[in-house]
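Reader: Please take a close look at one part of this structure for me. Start away from it, then work inward, and explain the terms as you go.

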Amino acid sequence: MKELLPEIRERRAYRAMSDKPVPDKVVSRIMEAAVLAPSCFNNQPWRFIVVREAGVLGRVKEHLSSGNYWAKAAPLIVAVCTRADFDCQLSAGRDYAFFDTGMSVANMLLQGVREGLYTHPIAGFSPLPIKEILQVPEDVTLLTLVIFGYPGETLALNEKHQEAEASGRQRRAIDGNVAYDRWPGSWV
Ligand SMILES: Cc1cc2nc3c(=O)[nH]c(=O)nc-3n(C[C@H](O)[C@H](O)[C@H](O)COP(=O)(O)O)c2cc1C
């Protein structure tokens, strides 16, 4: 019987990470998975800054939102950047840079799961100081930080996050997002 890919099934936005370093070979495979994503005209609009040097990691972590305290343990953060004109900009609002960059991040997350890592993208950070630390040009968007770490101690999390760690996956009923043959009247 065909079933979901195990990495898709297993991936969750887990937070209880240890500070155990991620070997270089593992980092390379994750980044290779990312750049193998498809993109419009093969434009490859994604730009990744792999942050793992202790000093730089520490400075980046100073600018996480307070709710992302758990990411301070992480030994590896990938800063994901792009800009609309790095990729196709077609009629009717079809700007593909963000779409294609998202696909490359999905590859990265799933390869990370394959490697036994927790992989967790976040938007809760101050982009301007982090861009400055990483020397990202002003007109490039720092879209997300992907936090990577091997599974660690759940007790290091606050109560709410400990519960989330053990919770089931939450999704709308599938017909709230998937329709067949026509856009349903119930969707706005
Ligand atoms: C663009 C993006 C931003 C996110 N930002 C945060 C964040 O700042 N902090 C956090 O703890 N989780 C963050 N998440 C994780 C989501 O909350 C999580 O993926 C979602 O609740 C679904 O849960 P699941 O990934 O375990 O299926 C983010 C996810 C994405 C894709």
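**From the tail end to the sheet**

Author: Gly 185 lies in the segment after helix 6 (159-166). Helices are DSSP runs of H or I with at least four residues, strands are DSSP runs of E with at least two, and both are numbered from the N terminus. Gly 185 is exposed, at a relative accessible area of 80%. Three words describe accessibility: buried is under 20% relative accessible area, exposed is over 50%, and partly exposed is in between, with a 1.4 Å probe and protein chains only. From Gly 185 to Gly 124 it is 61 residues in sequence and 34 Å in space, C-alpha to C-alpha.

A word on the numbers. This is a predicted model, where local features need pLDDT of at least 70 and side-chain atom pairs count only at pLDDT 80 or more, while totals for chains, interfaces and linings use all residues. Residues are numbered from 1 along each chain as its sequence is written, and side-chain values use heavy atoms, with hydrogens and water left out.

Now the part to look at: strand 2 (76-82). Seven of its seven residues are buried, so strand 2 is largely enclosed by the rest of the structure. Look at the two faces. Leu 76, Val 78, Val 80 and Thr 82 point one way, while Ile 77, Ala 79 and Cys 81 point the other way. Both groups are buried.

Where does strand 2 sit in its sheet? The sheet is open and has four strands, in the order 1-2-6-5, with antiparallel pairing. Strands of a sheet pair through backbone hydrogen bonds, either parallel or antiparallel. Two strands count as paired if DSSP finds at least two bridges between them. Strand 1 and strand 5 (118-122) are the edge strands, and each pairs on one side only. Neighbouring strands are turned by 20° against each other on average, direction ignored.

Count the bridges. Strand 1 and strand 2 run antiparallel and are joined by five. Seven join strand 2 to strand 6, again antiparallel. Five more link strand 5 to strand 6 (residues 141-149), which also run antiparallel. Val 78 is a good residue to follow. It is the bridge partner of Val 50, and it stands opposite Val 146 in strand 6. Further along the sheet, Tyr 118 has Gly 149 in strand 6 as its bridge partner.

Two helices meet these strands. Helix 2 packs on the sheet and touches strand 1, strand 2 and strand 6. Contact here means heavy atoms within 4.5 Å. The direction of helix 2 makes about 165° with that of strand 1. Such angles run from 0 to 180 degrees between N-to-C directions, with axes as lines fitted to C-alpha atoms, for helices over the stretch in contact. Helix 5 (residues 127-134) lies across strand 1, strand 2 and strand 6, at about 80° to strand 6. Pro 129 is found in helix 5. Its relative accessible area is 27%, partly exposed.

Go back to strand 2 and pick out Thr 82. Its relative accessible area is 0%, which is buried. The Thr 82 side chain reaches the backbone oxygen of Pro 45 at 2.8 Å. That is a polar contact: a pair of N or O atoms within 3.5 Å, where within protein one must be able to donate a hydrogen and the other to accept it, and residues adjacent in sequence count only if both atoms are side-chain atoms. Leaving out residues up to four places away in sequence, Thr 82 touches several others, among them Pro 45, Trp 46, Phe 98 and Leu 143.

Next comes Cys 81. It is buried as well, at 3% relative accessibility. What keeps Cys 81 from a bond with Cys 88? Distance: Cys 88 holds the closest cysteine sulfur, 20 Å away, too far for a bond.

Cys 88 does have a partner. It forms a disulfide (a pair of cysteine sulfur atoms within 2.5 Å) with Cys 40, the sulfur atoms being 2.0 Å apart. Cys 40 lies in the loop between helix 2 (24-35) and strand 1 (47-51), and Cys 88 in the loop between strand 2 and strand 3 (89-90), so the pair ties together parts that are 48 residues apart in sequence. The torsion about the S-S bond is about -100°, so this disulfide is left-handed. Both Cys 40 and Cys 88 are buried.
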